[in-house]
Amino acid sequence: MIVVQTPLRISFAGGGTDFADFYREHGGMVVSTAIDKYIYVIVKERFDKNIRVGYSKTEMVDSVDDLQHELVREAMRIVGITNSVEISTMADIPSEGSGLGSSSSVTVALLHALHTLKGELVTAEQLAQEACQIEIEILQKPNGKQDQYIVAFGGIRYFEFLQDETVTTRRLFLPGDRWSRLSEFVMLFFTGVTRQASTILLEQTQNIEGKTDALLTMKEQTKEMVRIFEDGSNLAKAGRLLHAGWELKKSLAGGISNPDIDRMYETALDAGAVGGKVAGAGGGGFLLLFCPPDRQGSVRQALKDYRELEFKLEKNGSRVLLNAR
């Protein structure tokens, strides 16, 4: 039996510049972090030749080709496992429409578990590349590359997506006290709405050519976010930069925000938050806020009708918790 734990993520700056139609022309940059909420994948061999997959429903099939769960199907094909396997997925929070990168976390976790079942050691780079291959190339999802990379590597990282498809990454240097302070500065509240990200992301990709100036500004914001985080002296500046990025992000496609989300966000700002954004594609899921710890009580009271997701930043990426082959 193999058990793999893969984190979810939040992005601070540069989201949207990791789409191929943008980075192939201009290069992309993103700052994001893993968080201590996870997707778990359990894989074990079966005595018979069947394939059993358990998630929100259960599939029992004879052939990989018959699997309805497309991420499981394509992960099995890439790794080269075709039968005699049982796979289960679990999540700390509902994975559909959260905006926390859950689809990519599932893909990376599946690949990690299946490679481990075959006795293959894989790097975070390989997991991220194969996850991108599945989601973007094979399944043709309108996704960028940042999610697959941050959940595979973990930590808080600066990524560059180069025109030649190369991805470079650097873990930001944050001493223990600075890491803890940043972790204490961020909050997540559920908007009460889950959504299919694909519709928003498809429109966003179709709009890239007309939104180049906004995306170039968002790209430059990543450099400033890195400086703020590594300096650590004024994290409120990161919140204000997050706010500026959110204003730009809302211009990239319709449906990224709506009146209810705008009211929720304005309420948080009035109560003491210094900035924020909707995680992921937008339109629902979780609202990410930057807020000094001494003002968080006021924000919680102001947003008492919304459920808070308490979390911390996660230093680890995808990892094998149990390998009992």
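## Strand β1 and its partners

In this predicted model, strand β1 spans residues 2-13. Of its 12 residues, 12 are buried, so the strand is largely enclosed by the rest of the structure. A residue counts as buried when its relative accessible area is under 20%.

Strand β1 pairs with strand β2 (residues 28-45) through 11 bridges, and the two run antiparallel. One of the contacts places L8 opposite its bridge partner I35 in β2. Strand β1 also pairs in the antiparallel sense with strand β12 (residues 319-323), here over 4 bridges. In this pairing, I2 has N323 of β12 as its bridge partner.

## Strands β8 and β10

Strand β8 (residues 186-190) is mostly covered, with 4 of its 5 residues buried. Its antiparallel pairing with strand β10 (residues 286-290) consists of 5 bridges. Within this pairing, V186 is matched with F290 in β10.

## Aromatic pairs

The structure holds 11 aromatic pairs. In one of them, the ring centres of Y149 and F153 are 6.3 Å apart and the ring planes meet at 10 degrees, so the pair is stacked. Planes under 30 degrees apart count as stacked. Both residues belong to helix α5 (residues 146-153), where they are 4 residues apart, about one turn of the helix. In general, an α-helix has 3.6 residues a turn, so residues three or four places apart point the same way. Y149 is buried at 3% relative accessibility, and F153 is also buried, with a relative accessible area of 19%.

A further pair is formed by F190 and F286; their ring centres are 5.2 Å apart and their planes lie at 45 degrees, so this pair is tilted. Because F190 lies in strand β8 and F286 in strand β10, the pair ties together parts that are 96 residues apart in sequence. F190 is partly exposed, with a relative accessible area of 25%, whereas F286 is buried at 8% relative accessibility. Elsewhere, ring pairs join Y23, Y149, F153, F159 and F161 into a cluster.

## The second largest pocket

The second largest pocket has a volume of about 430 Å³. Its lining is made up of 24 residues, of which A20, Y23, R24, I136 and K145 are the closest to its centre. Y23 therefore appears both among these residues and in the aromatic cluster described above.

Three helices, α1 (20-26), α4 (124-138) and α7 (197-206), each supply at least two residues of the lining. Helix α4 gives the most, with 6 residues. Sorted by class, the lining contains 10 nonpolar, 6 polar and 8 charged residues.

## The buried side of helix α6

In helix α6 (residues 176-185), the buried residues are W179, L182, S183 and F185. These residues cover an arc of only 160 degrees around the axis, which puts them on the same side of α6.

## An exposed loop residue

Q68 is located in the loop between β4 (58-61) and α2 (70-79). With a relative accessibility of 56%, Q68 counts as exposed, because the term applies to values over 50%. The C-alpha atoms of Q68 and L110 are separated by 15 Å, and the two residues are 42 residues apart along the chain.

Definitions and conventions
Residues are numbered from 1 along each chain as its sequence is written. This is a predicted model: local features need pLDDT of at least 70, side-chain atom pairs count only at pLDDT 80 or more; totals for chains, interfaces and linings use all residues. Side-chain values use heavy atoms; hydrogens and water are left out. Buried means under 20% relative accessible area, exposed over 50%, partly exposed in between (1.4 Å probe, protein chains only). The arc is that of the directions from the helix axis to the C-beta atoms. On a 1 Å grid over the protein atoms alone, a cavity is a set of points where a 1.4 Å probe fits but cannot get out, and a pocket is an open set with protein on both sides within 12 Å along at least five of seven lines; lining residues have an atom within 4 Å of a point. Grid points are joined across faces, edges and corners, and a volume is the space filled by probe spheres set on the points. Ala, Val, Leu, Ile, Met, Phe, Trp, Tyr, Cys and Pro count as nonpolar, Asp, Glu, Lys and Arg as charged, and the others, Gly among them, as polar. Two strands pair if DSSP finds at least two bridges between them. Rings of Phe, Tyr and Trp (its six-membered ring) pair if their centres lie within 6.5 Å; planes under 30 degrees apart count as stacked, over 60 as edge-to-face and the rest as tilted.
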